[in-house]
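Dear colleague,

Please find below the structure that I am handing over to you. A summary of what was found in it follows directly after.

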Amino acid sequence: MPSATVLGFGARAPTKLLDLLSKASSECGVPEIVPDRSQAIGHALLKVPYRTFLSNGGNADGKIATRSLLVYSLPTTETEYIKFCSEAESVRSKILSGDDSTVVAAFNVPTDSFVGGSIEDILSAVSGDNEKKAALAAGTLQTLAELDKKTADKVVASSGQKDVVIVVGSGGREHALAVALAQSPLVAKVLCCPGNGGTAAEENTKIENRGPNQNNDTVIELVKEVGARMVVVGPEAPLVAGIVDEMKVKCPDVLCFGPSQAAAELEASKAFTKDFLQEHGIPTAKYRTFTDTDEAIKYVESLEENDRQVVKASGLAAGKGVLIPSTKTETIAAVKEIMSDKAFGTAGDTCVIESFLTGPEASCFALCDGKTAVLMPAAQDHKRALDNDEGLNTGGMGAYAPAPCVTPKLQTEIEAMCKTTVTKMSERGTPYVGLLYAGMMLTPDGPYMLEYNCRFGDPETQVVLPLLETDLYEVMTACCTGTLGDIDVRFKEGVSAATVVCAAKGYPEKYPKGMEIKGLEEAKLIDDVKVYHAGTKLDDLGVTRCSGGRVLAVTGLGSNLKTALLTAYKGVDKLDFVDTDDNGLLHNRTDIGRKALGKKLRIGVLGSTRGTALIPVMEACASGKLHAEIVAVVSNRSAAPILEKGNSLGAAVVSRFVSAKDLTREQYDAECTEVLLSAGVEYVVLVGYMRILSKAFCDFWAGRCINVHPSLLPLHAGGMDLQVHQAVIDAGEKESGCTIHEVTETVDGGPIIVQKRVTVESGDTAETLKAKVQQLEGPAFVEAIEKYSKGKVISYADSGVDIDAGNKLVDIIKPFCKATRRPGCDADLGGFGGLFDLAAAGFDARETVLIGATDGVGTKLRIAQTMKNHVTVGIDLVAMCVNDLIVAGGEPLFFLDYFATGHLEVAEAAAVVEGIAEGCMQASCGLIGGETAEMPSMYAPGDYDLAGFSVGAVQKGKILPQGVEVGNVLLGLASSGIHSNGFSLVRKLVAKEGLTYDSPCPWDKTKARIGDSLLTPTRIYVKSCLPLLKKGLVKAMAHITGGGLLENLPRSIPDGIGASISGHPKLPSVFQWMKEASGLDDNEMLRTFNCGVGMVLIVDAKDADEAKKLLLDAGESEVYDLGKLVEGDDIKVTSAL
């Protein structure tokens, strides 16, 4: 199957690429697009105007492309080319191998163009144009050759100059920066000024500490001493002190990653930032700034009592200058603490008072080059010292990334805010270069900017940098040179990171220092664990000791957040801080990421109508009954009232009309999917959605999309609204309801999750039944969502299987089984298997052969289920098995049954088993066990199926048939009616004649209804035939089942022998009616039904009279002299039916 592989585009999704891929799908018929290290493509293709799923089925007209397509993004940096050289090699090999089935095209990011041809050229090549295919291949090979030379000159050749980088700072953030920078092949050394114990002992020998003292002068001196190419400033203090400005004057050729003193004002002054945000329309809390204490207090006193505020020192306060009072009195006290008491020194000379916002916070890092900004994956940190967000504020006790609360839509909005900030800072003459740290509050009204910091955060850096795929040194170089737009900043796909801070006990208050840190080597051996150092130092003996409050940050990586957290805590478990008395003094929080792991399920709704069934879901979300939230409501109708319900949930909820005009079903579904994904939807609920969904949509949301159907599926699948309810009434069903099911390509055919039932009353109309069923739909949705959000389908009860009902059934049927006891078994229930003792039954195991038989009852069950008469089909089940056993000469010993249903109704199951027990008693065999299988969604409500298994025994010398020859006599035993074969035809004939099973029986006046007659149980011939078998009078037997006499008798006689049937009885009335209703002739009747003869015995002519006498003595009312065996292969019936 042809496909379009998109290789190496990372987080980029160029417009021209998207245009190419959508046309390759819609015009050329490429059915599948496969991103490879191109994580942004799938979402971007869903957007307008492309509206294309990755798995799309190809051209709408059914056209399938003959060639595949490989689109390769040329690396934007030398290090990326080196790191992923295997990709370039695979592209080169694909071309040079002469593979005619694949068109290869390369994309140049800086020029925003394809190499060697246009979009039209590529599409032509996919459609078979060999000249265009060759031109694209030649252009790709030439570009790769140029990349080879450029990379060799810069990196590989001996003349290539590798750079020295200085990292300013001594915390965990700086350790993480040093480790990431040292991974670059362009970097020779990373010097940490002053660094810590971790950077001093880092296993990457590129990293080392230089200079015990850190200030602007010592850093500049070190730059000159080592000939550094770049300085990366970690903490905010040097930036606010103007280190970047001094570097530009004293070391103009050295790159400095960080903002100028003027640009760093974004962190140095909260008052400046608030004014800046307000001026440029970036959402932020309502605020006022004050330099006079009395004015600030007067402002607070003017506020409403419940108008909660946050009080901030405007200047730098080491991350501690924010107070969050709860009352007006506390707010006034906070103002005094900052402004009058100078709790944060001169940082509190100006005070910012702003409205208290609610919602989750997120730490968002943006890489900036003075012109634009690239947002990194969002992180969330944990500020409080103790579990459950209790205790004092700290610098941060742990973090994780990506933060699930930052949806793609929010990511885009926050990046836009950062880009606006960079643009406006440049316009005011203070271009922002470096890392812009946006502290965001995700309020119900959308994202609000809390504050800016002008550097990486700690401990967020320890989780964000490990996710960076692009070379950090090249990214920082691009920021410093204003070329960030020319490189592709990529992040690892499918990877999460979590870090746990290990602090000294007592932090953030008084804490000890000097403890030995144990377990570092053990932690280092754990895969995907990295221990970053903060407050550590090496003593004179090389022992790593604690020197601060936050000592270590243990970062774990994983394919998801849960795995990353488990990995990080594995590392933490290896560590301890031990004092001279061998006391463990390490403290860490044990709940990092717990809220994210337990985050609410994000629900998206598709609806076309009022959406009444959504109300219980909304209420359950609001009350907390559902650990979920509705984040998007989408409709195909602009005036659909369900959109109003979405609007009522708040501004943060996407409530959107999507027009289907001029769109194919798949295009429309793609646009809706993009809206849902942008809102971070994880689970889709269809509420009155009047559209058929495409296969692409169903595949995309497989297992994550549910619908409600107004019947008990699988009954009345495919119908809609009143049509379904009328069908239920017309079918005479006693109950109806609604079904919540997963959405699949088969309409109403997905797995059933929840069913709710109502009784159909005799006077119900379609309208009244609809009203009753609609009341169930909302609660059914709530139950289905609850199961998904809790990760349910843990217990059988949750999946629709009632274990208690099963146990109750066993208790009810035990007496029935006990009644079937016979020598060899006790017919008791409850074990794992039934036991039978052959010796106790009188059989010599050495001379005994066991016979097995299995059968069912067929569609006769449908009549039993309609008539609510379940006993007789149990007898049928036994009869169909044991009658087959005696045909082989065997005596039935024991029986087992299998009862399968969608929903176990104890009374009806017990009735079936009662009939099975009755059949076993008629056959003198023990009911020693069975299986009751409750399988929701496999069977419609009220339906069940049966299977029986019987085992018999026969002496080796008495196995039938034996000694059958020409001249043997055929004796027939009467049937009780149709038995259990041919009911598919019977049911059709009843319907053809306009009758129901409740109609008066036209062939038997002793039966009140047709159904009563048809449910006459199959005769069991065991007790009649066993006396003959024991005397050895029977040579062969034939059980007349499906196929009638003409198909079953030949199974018991040898080749070359036929039969002449001259004494077949007249058709009983039921068969005469079937013959007239069907129009079948005698021959076809004899090939379809038993026609009044249920068993045939073959005996020697001389034994015929004795055989008949034994049969009559055993209870047979009549024995038919059917005929005899003759030469030939034909079964000829000469008697008229």
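In this predicted model, the count of salt bridges comes to 59. Side chains of opposite charge can pair when their charged atoms come close. Three of these pairs are described here individually, followed by a network.

The pair E1116 and R1019 forms a salt bridge with an N to O distance of 2.4 Å. E1116 is found in the loop between helix 38 (1104-1113) and strand 46 (1119-1127), while R1019 is found in the loop between helix 33 (1010-1014) and helix 34 (1022-1031), so this pair ties together parts that are 97 residues apart in sequence. Because its relative accessibility is 4%, under the 20% limit, E1116 counts as buried.

Salt bridges that share partners also join a set of residues into one network, whose members are R12, R37, E80, E87, E469, D488 and R490.

A further salt bridge brings together the side chains of R757 and E735, at 3.4 Å from N to O. This pair links distant parts of the chain: R757 belongs to strand 37 (residues 752-759) and E735 to strand 36 (residues 735-742), and the two are 22 residues apart. How accessible is R757? With a relative accessibility of 29%, R757 counts as partly exposed. E735 also counts as partly exposed, at 29% relative accessibility.

The side chains of K524 and E521 meet in a salt bridge as well, with 3.3 Å between N and O. Both residues lie in helix 19 (residues 520-524); because they are three residues apart there, about one helical turn separates them. K524 has a relative accessibility of 39% and therefore counts as partly exposed.

I turn now to the packing of two helices. Two packed helices are described by the angle between their axes and the distance between the axes. For helix 7 (residues 172-182) and helix 18 (residues 472-481), the axes come within 7 Å and cross at roughly 100 degrees. Since angles of 65 to 115 degrees count as roughly perpendicular, helix 7 and helix 18 are roughly perpendicular to each other. Which residues make the contact? Helix 7 contributes L177, A180 and L181, and helix 18 contributes L472, Y473 and M476. By character, the residues of this contact between helix 7 and helix 18 divide into six nonpolar, no polar and no charged.

Yours sincerely,
A colleague

Definitions and conventions:
Residues numbered from 1 in each chain as written. Predicted model: local features only at pLDDT ≥ 70, side-chain atom pairs only at ≥ 80, totals over all residues. Heavy atoms only, no water. Axes fitted to C-alpha atoms, helices over the stretch in contact; angles between N-to-C directions. Helix = DSSP H or I, 4+ residues; strand = E, 2+ residues; numbered from the N terminus. Parallel < 35°, antiparallel > 145°, perpendicular 65-115°, else oblique. Contact = heavy atoms within 4.5 Å. Nonpolar A, V, L, I, M, F, W, Y, C, P; charged D, E, K, R; others polar. Salt bridge = Lys/Arg side-chain N within 4 Å of Asp/Glu carboxyl O. Buried < 20%, exposed > 50% of the residue type's maximum accessible area, 1.4 Å probe, protein only.
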